[in-house]
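Trainee: I have just opened this entry and would like to be walked through it. May we begin with the place where the chains meet?
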Amino acid sequence: MSAFVEIRHLHKEFQGHTAINDLSVSLEGGQIVGLVGPDGAGKTTLIRLINGLLKPTSGSISIDGADISAERKKLKDIIGYMPQKFGLYEDLTVIENLRLHAKLHNVSESEQKIQFKKMLEFTDLTRFTERLAGALSGGMKQKLGLACSLLGHPRLLLLDEPGVGVDPISRQELWRMVNELLRDDVLVLWSTSYLDEAELCKNVLLLNESKLLFSGDPKELTQKLDGRVYFLKGVSDRRQMLSRLLDHPNVIDGVIQGSLLRLVFKEGEMPSLKMLGDLGNDDLELVSATPRFEDAFMEILGSKISGHSVLANRLSELPKSETITVRAQGLVKRYGNFTAADHIDFEIKQGEIFGLLGPNGAGKSTTFKMLCGLLKPTEGNAFIKGIDLKKNGPKARQHLGYMAQKFSQYDGLSLLQNLQFFAGIYGLKGKELKTEIETIVSIFHFEPYLNMETEKLPLGIKQCLALSCAVMHKPPVLFLDEPTSGVAPVMRREFWNHINGMVSKGTTVLVTTHFMDEAEYCDRMAMIYRGKTIAMGTPDELKRKMQDEEHPNPSMSDVFIRLVEESDMEVST
Amino acid sequence: MWNRIRTLIIKELRILLRDKKTRIIIMVPPIMQLFLFTFACTLEVKNISLGILNYDFGYESRELIRRFEYSPYFKKITFLKSLKEQQDFLDSQKGIITLTIPNDFSRCIGNGDQTKIQLLTDGRKSSSSQIASGYASSIISTYLQPENAIQTEPMRVRNWFNPNLDYRYFTLPSLVGILCMIMGIMIPALSIAREREFNTYDQILVSPLSTLELLIGKTVPSLIIGLFQATLMICAAVFIFRIPFTGNLFLFYLSIIIFMTSVIGIGLFISSLCRTQQQAILGVFVVCVPAVLLSGYATPVENMPQCFQYLSTVDPLRFFLVISRGIFLKSMTFSNIMENLIPIIGIAFFTLGFAGWFFKKKLD
């Protein structure tokens, strides 16, 4: 008797490029299987293959004993599929979307009523039945998408990154919904690039570069790291320390977590402070920590990154000072009756990383845009290095480096032409322009890609190009809008290495994110919700505030959820 | 500042000319349209298909029909046998005009009596029918003139600037203007919409580029491409279609530059309103069609209702057509050119200013 889903020697190629390489796995019903891997690993391809939307180059997939490519029609009714994008008709209302999907799944009229009622209650969308799907928030859209894919009681539920671009609260709700729905025979395949999400699954498939690296309980992987993960306490300059430690042969991975450094050690010797050599500070302390799936993921990929940022090396060190480089002064943005940002005030000192956190639509993007001059504030002022953006926009913007959330270099130009363009509009010319481009090219090893059109570049190179274009003119202030959403952990570490390096040299960074790991890198942050700042402080300060018996060691995610809940309570009372 | 503008111009040109396909798209359609408009859009009535219902079998009617056969305007002559066939001929649009010759035609002429001839025309094609019946009447009246009448010439018409009344003399110089306008609106209209679609607009807005720099950087590339296309079309007009170019080439280029600037302003303005390239193309369509209709290309401005005549004064094409025809055909003088160029300059200031104001509104 074969398993519910049986994949044998699956192979898929696109124009000579391998997307899935010899994948064999069998999955039983009644569980949530996490499909994990960085962008471009082959997750979406695998899901589309299982769904029968793509034909395998070789190998087979059978569901409930029937081959998907031969008997797709028969299997259609037992598969529920939620694509990453475009799953909903934005111009239809919530209920119309449900009706449409019900028809597509041949759900009878009488059955529809029962299921709709259940779904609407379940997703808490009953109030919004008549609202257009396009007008829902990101989290609600995902919930509706999930509800649509659940109609007709599928036995195999394929969810393609339901958590992408959704804030932690909505992600938590989605997770809860799927868990509650899980009946004995349903198999859920949950694809995600959030490793904390994967950790909750009993069974994960780990894909990287089209290969299946691991399948099984994530605990198996994390257990291997027991006794090798530590927090380093009492660090005075965490960025410099991290950069030093990452170059240590015994440290295989390290990230900043608030005021602590989280380190993963090589297998073998029992880690100790002595092993790390002279760190020039006597108050250091190593505290054992629980390994996470991400640590295991990094180990299994086996790529260690250097702690030094060559990108930062080209910057000359700015003299340390306490000057305020970015200032938001009573920023207000109103659209008609709606206030998107309500008197936002903060100051960022030179050499500081400041984070703007908040759920989707809370006003953090609005605030961010007002600070870089993309939006005109209704009230208040924004200053960059003391220059009012309203009064002298071009001059203030000269000090800015900006990296947008979506890739925003010119697809039609080659990599080199993009570099030339962005260097040119930031006023570099002649010899200076040439040497700067040469430096950047050698730092990121762009040589093989110079004349390639940008749209054809690999994702990692694209990300590096975006960063290069933002920092080529050596801006003292760097604005990053969700810089690493959907980016693989290795690349995320490299990225933050560069940022840390530049900050050590005195660059000021403003970052928006809903990636809670990213928030840990910030020196200070402001939590934005419903257009207002609901909390501000260092990550540790915020965590300490939230400490209680239930959460002795709150994570950034917990803090975020608690703060939003508290704010909701205040509003309702 | 110049360095930044130069960078922006190079980038725009690179994106526009990046691959062979786009290059062909920019070069071929104007020339193709030029040929298409010139040959397909003839304003002359030629090759008319004529139906003849002849009840007369005498010498005079045969002679009259021969006159029609040898006329350059009437190409195909169909002999109809009955009233019903005549009806069919017009109903099914086999031709637009029929000639009915009565049975006593030859006899009356022989007797020196008065005679009658009927011309039926298809009113659905009013202007062609009118022209065709004009040709027919003139053939008939010449034929009916007594043979021994003294050939006097009370009046001799001479057509200045276009002695043979070749319609191409009229259409080609106008087409240079119309096609330049369409390209001049289209290229900038798409350029900013494209930046929006690919998220590159924000990236430009956060750069230290000022409104003026952005405006110049977006105008010049379209201008360069527009001038290139204009040159192609002028060459085609002069060397392929043999239209005389009598005026001052330098003044013509000056006028084209100013005219292009004014329409690029319109394009940029459309672009600043649109989110996607699709919307921009619709916007271009909405502007271009009325601009051509109001310009006096197809119908004289003087024939329009007064309010449309006023409206046409904001149409840069209206003034440019006068300049283009004038320079091509009648060596227009500088002062005459300026008379028409000044309104275009005014329009250019207005459209570019408006586009700039819109950019600025978004920028600051």
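Mentor: Certainly. This is a predicted model. Across the interface of chain A and chain B, the rule finds zero salt bridges.

Trainee: How many residue pairs are in polar contact across that interface, then?

Mentor: Nine residue pairs are in polar contact across the interface of chain A and chain B, with both residues of each pair at pLDDT 80 or more.

Trainee: Which elements of chain A give two or more residues to the side that touches chain B?

Mentor: They are helix 13 (393–398) and helix 14 (415–425) of chain A. Helix 14 of chain A gives six residues, the largest share of that side.

Trainee: And what is the side of chain A that touches chain B made of, by class?

Mentor: It has 13 nonpolar, nine polar and eight charged residues.

Trainee: How many residues of each chain are in contact?

Mentor: On chain A, 30 residues are in contact with 24 residues of chain B. The two chains bury about 2600 Å² between them, and 57% of that area is on carbon and sulfur atoms.

Trainee: Which three residues of chain A supply more of its buried area than any other three?

Mentor: Those are A:Arg397, A:Tyr410 and A:Ile425, which supply 24% of the area that chain A buries against chain B.

Trainee: What confidence does the predictor give the complex?

Mentor: The complex has an ipTM of 0.75 and a pTM of 0.77. For chain B, the average pLDDT is 86, and 96% of the residues score at least 70.

Trainee: Let us stay with chain B for a moment. Into what domains is it divided?

Mentor: Chain B has domain 1 (48–144) and domain 2 (166–363). The C-alpha centres of these two domains of chain B lie 47 Å apart.

Trainee: What about the domains of chain A?

Mentor: Chain A is divided into domain 1 (5–216), domain 2 (228–308) and domain 3, which is made up of 352–362 and 397–572. Between domain 2 and domain 3 of chain A, the C-alpha centres lie 23 Å apart.

Trainee: How many residues are in contact between domain 2 and domain 3 of chain A?

Mentor: In chain A, 19 residues of domain 2 are in contact with 18 residues of domain 3. The area buried between these domains of chain A is about 1600 Å², and carbon and sulfur atoms give 47% of it. On the domain 2 side, A:Arg239, A:Glu294 and A:Ile305 lose the most area to domain 3, together 37% of what that side buries.

Trainee: How many salt bridges does the rule find across this domain interface?

Mentor: The rule finds five salt bridges between domain 2 and domain 3 of chain A. As for A:Glu294, its side chain meets that of A:Arg492 in a salt bridge, at 3.3 Å from N to O. Seven residue pairs are also in polar contact across the interface of domain 2 and domain 3 of chain A, both residues being at pLDDT 80 or more.

Trainee: Which elements supply at least two residues of the domain 2 side?

Mentor: Helix 9 (238–246), strand 12 (251–257) and helix 10 (293–301) of chain A each do so. The residues of that side divide into eight nonpolar, six polar and five charged.

Trainee: And how many salt bridges are found in the whole structure?

Mentor: A search over all chains finds 29. One pair of side chains that meets in a salt bridge is A:Glu197 and A:Arg171, at 3.3 Å from N to O. A:Glu197 lies in helix 7 (residues 195–198) and A:Arg171 in helix 6 (residues 168–181) of chain A, so this pair ties together parts that are 26 residues apart in sequence.

Trainee: A change of topic: where does A:His9 lie, and what is its phi?

Mentor: A:His9 lies in strand 1 (residues 5–14) of chain A. Its phi is near 45°, a positive value in a residue other than glycine.

Trainee: And where is A:Lys385?

Mentor: A:Lys385 is in the loop between strand 18 (379–384) and strand 19 (387–388) of chain A. A:Lys385 has a positive phi of about 50°, although it is not a glycine.

Terms used. Residues are numbered from 1 along each chain as its sequence is written. Chains are lettered from A and ligands numbered from 1 in the order in which they are written. Side-chain values use heavy atoms; hydrogens and water are left out. Domain bounds come from an automatic or database domain assignment. Contact means heavy atoms within 4.5 Å. Buried area is the accessible area (1.4 Å probe) that two parts lose on being put together, summed over both. A salt bridge is a side-chain nitrogen of Lys or Arg within 4 Å of a carboxyl oxygen of Asp or Glu. A polar contact is a pair of N or O atoms within 3.5 Å; within protein, one must be able to donate a hydrogen and the other to accept it, and residues adjacent in sequence count only if both atoms are side-chain atoms. Helices (H or I, at least four residues) and strands (E, at least two) are DSSP runs, numbered from the N terminus. Ala, Val, Leu, Ile, Met, Phe, Trp, Tyr, Cys and Pro count as nonpolar, Asp, Glu, Lys and Arg as charged, and the others, Gly among them, as polar. pLDDT is the predictor's confidence in each residue, from 0 to 100.
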